Amino acid sequence: MLKRLLYPSRFVFHYKPTYNSAQKLNNSQSFPFSWPLSVVSCRPINFSRVPAMADGGSPQTASPNPQKHTNRLAEEHSPYLLQHAHNPVDWYPWGEEAFAEARKRDIPIFLSIGYSTCHWCHVMEVESFEDEEVAKLLNDWFVSIKVDREERPDVDKVYMTYVQALYGGGGWPLSVFLSPDLKPLMGGTYFPPDDKYGRPGFKSILRKVKEAWDTKKEILVKSGVFAMEQLSEALAAVAKSEKLPDGLPERAVQKCAEQLADSYDSKFGGFGSAPKFPRPVEIQLMLYHKKKLKDNQMQGEAKHDLSMVALTLQSMARGGIHDHVGGGFHRYSVDECWHVPHFEKMLYDQGQLVNAYLDVFSLTKDVFYSSTSRDILDYLRREMIGPSGEIFSAEDADSAEFEGASRKKEGAFYVWTSQEIDDILGEHAPLFKEHYYIKSSGNCDLSRMSDPHDEFKGKNVLIERNSTSEMASKSGKPLEEYLKILGTCRNKLYDVRSKRPKPSLDNKVIVSWNGLAISAFARASKILKDEPEGTQYHFPIVGTNPRVYMEVAEKAAAFIRRNLYDEQTRRLQHSFRNGPSKAPGFLDDYAFLISALIDIYEFGGSTNWLAWAIELQQTQDKLFLDEEGGGYFNTPGEDPSVLLRVKEDHDGAEPSGNSVAVINLVRLASLVAPASDRYRRNAQVLLAVFEKRLRETAMAMPLMCCGADLLGAPSRKQVVIVGDKASEEFDKMLAAAHSSYNPNKTVIHIDTRDAEEIGFWEENNEKIAGMGKSNSAADKVVALVCQNFTCSPPVHDPSLLISLLD
């Protein structure tokens with residue numbers, strides 16, 4: 001990957017990642033030095049780019065050196081920090097000890113931020129942080145702090161925002177020099193150890209920063225203070241009215257859909273060019289827009305929206321970005337055809353992608369989409385869930401090619417030679433090789449961007465270039481027999497692959513990412529019941545009873561409540577590994593978990609989960625809500641070392657906490673009567689904070705566009721189901737309630753024999769409690785569809801409920 005992506009700085013402006021070559025610093029615009037100090041061109045602060053997020057990169061890395069050195073990171077729990085515990089650099093974790101040392105010695109801080117599966121982070125460690133000469137420069141002239149951005153997203157956000165705003169882009173590893181009072185002085189991403197390609201090496205940068213600190217400290221510090229003042233002012237967004245102007249939400253959805261359609265790749269699917277990332281919020285927007293078009297009798301336009309989504313999801317599932325052998329999806333594809341991926345696997349991708357495939361299955365009833373959902377869920381169950389139900393964060397892209405190898409290579413765990421396929425699969429090898437485009441010379445030749453420097457020469461990344469039915473017909477075999485052979489072959493490859501050195505697992509448990517996965521498991525438990533009877537599954541799909549997926553969701557949620565929630569203070573902690581992290585819960589943790597808990601309830605869980613969601617919403621409002629200006633800050637604002645409180649609005653690889661919060665408030669308002677008006681008012685003012693962004697850059701916030709339109713919808717549809725929750729009839733009725741795609745729908749279920757449940761509804765919504773009591777029948781399950789304060793006559797047959805909803 002190092003050669004494939006010559007310059008690893010990867011930038012995300014508004015909505016899509018791009019790559020920039022090294023450029024010289026424009027000295028007159030920023031720093032008082034006469035020498036370039038950044039890998040990207042410096043420019044005046046561009047506040048339109050401030051809210052954007054960034055991602056990491058990817059090359060070869062080496063195994064750690066013997067433990068000649070040990071630093072303070074050895075006491076930490078983060079896998080990423082522990083990776084650096086034996087560097088010769090005298091690393092500190094983020095905290096007062098490091099800050100005090102910098103003040104005492106009156107020297108700058110070098111802050112390095114990354115995460116455990118970030119490959120350019122690995123490269124910079126091998127090239128610079130394991131180098132004794134570099135370590136000496138850092139130890140003599142700086143206080144060096146290492147931060148796991150997944151453990152401390154609040155710290156990362158401050159300095160990533162600075163680098164993005166000042167330089168026009170950012171990425172990981174994030175490398176920033178700070179004054180002892182934590183004001184940024186300059187920054188960049190990955191730096192090679194020595195000068196080359198016309199860009200400064202890390203050692204040269206260290207010497208220049210040292211020289212500038214010694215000779216121009218006052219100017220440096222003033223520039224950092226000024227930059228933070230500008231950022232703070234720019235990020236202090238407040239609502240100028242109590243709600244959005246009429247018609248703006250609908251126009252924002254339309255504009256976002258049009259802009260996405262303009263960037264659509266009609267050949268390979270996806271929105272935008274290579275490198276291609278799964279961005280499920282784009283799928284959500286297009287499906288939402290499709291539903292609006294259909295409701296307005298614009299069938300042709302609606303079908304076009306669905307066709308763009310369908311080709312995108314099909315191409316991803318058939319491409320190399322999908323792990324055909326073990327299930328799940330890799331982070332992104334370096335080429336336009338979804339073939340050669342960056343091989344790390346992130347939990348946040350898995351959870352969101354499951355929901356995208358489930359939604360399209362709900363619309364099409366095509367088992368291709370339900371099977372892909374199962375593929376991801378079964379991968380998570382097999383590889384990513386701990387003994388107490390907790391769901392882990394990520395798997396690395398790099399691994400050793402064989403036991404004892406001195407170097408790790410990206411994708412080594414996942415790629416195959418043609419000879420390996422022959423040896424493992426025997427008589428079925430020719431069929432399998434043709435199906436997955438496997439060649440003796442290697443198959444990474446579909447795009448000039450896939451492998452321009454022959455890093456994967458002779459290796460194959462599995463990809464399906466034609467439909468399975470087409471390939472089965474070509475082979476002369478019945479489709480089901482063909483599918484069975486492929487499944488058997490994948491199982492054999494999985495067994496062999498399992499004996500290879502595995503990529504490292506980041507077994508950190510992050511609340512927000514668990515929330516995304518919990519939602520997927522809960523929704524799958526009912527939506528997958530709509531698969532045709534007798535549907536066959538093939539490895540790595542294992543044919544799990546959908547009911548089991550709800551058990552997974554509830555177990556993961558219970559882990560968070562037990563280990564990361566304080567019942568007295570009603571506060572979350574952000575993450576867990578060998579115990580809770582020091583970091584508090586952030587907005588994303590609350591918003592994503594609230595969404596998941598509502599999903600658990602709506603898809604069959606008890607009202608206890610809904611009660612917890614309401615409780616968390618109260619805490620979220622207390623900790624993050626800007627009572628005067630509207631919207632939610634990303635941090636509680638209680639840590640003085642975190643210099644900025646940001647109101648995040650960008651829906652990127654993960655949706656923004658504010659976007660999810662809007663939808664949560666809309667959903668809770670339809671469930672909880674006493675707080676309904678307050679929920680809606682908070683949602684309205686939140687959206688008003690981002691009026692300009694919704695008007696001008698809707699494409700940057702597709703999920704918020706959906707949330708704004710949902711809030712403005714005339715009336716939310718409510719499906720109320722009353723009956724014995726333990727009965728099979730109730731389960732079928734609940735599945736029917738979720739069988740159709742409609743984001744403007746709330747499903748409420750009541751078992752009137754449960755005193756605790758009736759008590760919950762009497763406290764939170766007397767009308768629902770009354771509906772339950774008046775429609776209770778000893779031997780029947782009753783369903784009603786209500787909208788505009790009117791309910792349909794009760795139905796007792798799931799098929800009649802489906803007809804009502806359609």
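## Helices 18 and 19

The crossing of helix 18 and helix 19 is left-handed. This is a predicted model, in which helix 18 covers residues 587-602 and helix 19 covers residues 607-624. Their axes lie 8 Å apart, and the packing angle is about 160°. Helix 18 is therefore roughly antiparallel to helix 19, because an angle over 145 degrees falls in that class.

On the side of helix 18, the contact is made by L587, Y590, A591, L593, I594, L597, I598, I600 and Y601. Helix 19 contributes T607, W609, L610, W612, A613, L616, Q617, T619, Q620, L623 and F624. Sorted by class, the residues in this contact are 16 nonpolar and four polar, with no charged residues.

## Helices 20 and 23

A second helix pair is formed by helix 20, residues 657-669, and helix 23, residues 702-712. The two axes come within 8 Å and cross at roughly 25°. That angle makes helix 20 roughly parallel to helix 23, since angles under 35 degrees are counted that way. The crossing of helix 20 and helix 23 is left-handed.

Helix 20 meets its partner through N658, S659, V660, V662, I663 and V666. The residues of helix 23 in this contact are L703, M704, G707, A708, L710 and L711. By class, nine residues of the contact are nonpolar and three are polar, while no charged residues take part.

## Two residues of helix 20

I663 lies in helix 20 and is one of the residues that meet helix 23. With sequence neighbours up to four places away left out, I663 touches L703, G707 and L710. I663 counts as buried because its relative accessibility is 18%, and the limit for that class is under 20%. The C-alpha atoms of I663 and A683 are 8.3 Å apart in space, with their positions 20 residues apart in sequence.

L665 also lies in helix 20. Its relative accessible area is 1%, so L665 is buried. Beyond four places in sequence, L665 touches Q617, Y632, Y679, N682 and A683. Of these, Q617 is also one of the helix 19 residues in the contact with helix 18. A683, which L665 touches, is the residue whose C-alpha atom is 8.3 Å from that of I663. In contrast, the C-alpha atoms of L665 and W91 are separated by 43 Å, and these residues are 574 residues apart along the chain.

## S144 in strand 6

W91 appears again among the contacts of S144. S144 lies in strand 6, which spans residues 143-148. Leaving out residues up to four places away in sequence, S144 touches V89, D90, W91, Y92, F110 and L138. S144 is buried, because its relative accessible area is 2%.

## Disulfides

The count of disulfides comes to two. Numbering the bonded cysteines along the chain, the pairing follows the pattern 1-2, 3-4. C118 and C121 form one disulfide, with their sulfur atoms 2.2 Å apart. The angle about the S-S bond is 80°, and the link of C118 and C121 is right-handed. Both C118 and C121 are buried.

C786 and C791 form another disulfide, with 2.0 Å between their sulfur atoms. Their torsion about the S-S bond is about 105°, so this disulfide is right-handed. The two cysteines fall in separate accessibility classes: C786 counts as buried at 6% relative accessibility, whereas C791 is partly exposed, with a relative accessible area of 37%.

## Cysteines without a bond

Why is C256 not bonded to the closest cysteine sulfur? That sulfur belongs to C705 and is 4.7 Å from the sulfur of C256, which is too far for a bond; a disulfide needs sulfur atoms within 2.5 Å. C256 is buried, with a relative accessible area of 0%.

For C706, the closest cysteine sulfur is likewise that of C705. The separation is 6.8 Å, so the sulfur atoms of C706 and C705 are too far apart for a bond. C706 counts as buried because its relative accessibility is 4%.

Methods. Residues numbered from 1 in each chain as written. Predicted model: local features only at pLDDT ≥ 70, side-chain atom pairs only at ≥ 80, totals over all residues. Heavy atoms only, no water. Axes fitted to C-alpha atoms, helices over the stretch in contact; angles between N-to-C directions. Helix = DSSP H or I, 4+ residues; strand = E, 2+ residues; numbered from the N terminus. Parallel < 35°, antiparallel > 145°, perpendicular 65-115°, else oblique. Left-handed = near helix turned anticlockwise from the far one by under 90°. Contact = heavy atoms within 4.5 Å. Nonpolar A, V, L, I, M, F, W, Y, C, P; charged D, E, K, R; others polar. Buried < 20%, exposed > 50% of the residue type's maximum accessible area, 1.4 Å probe, protein only.
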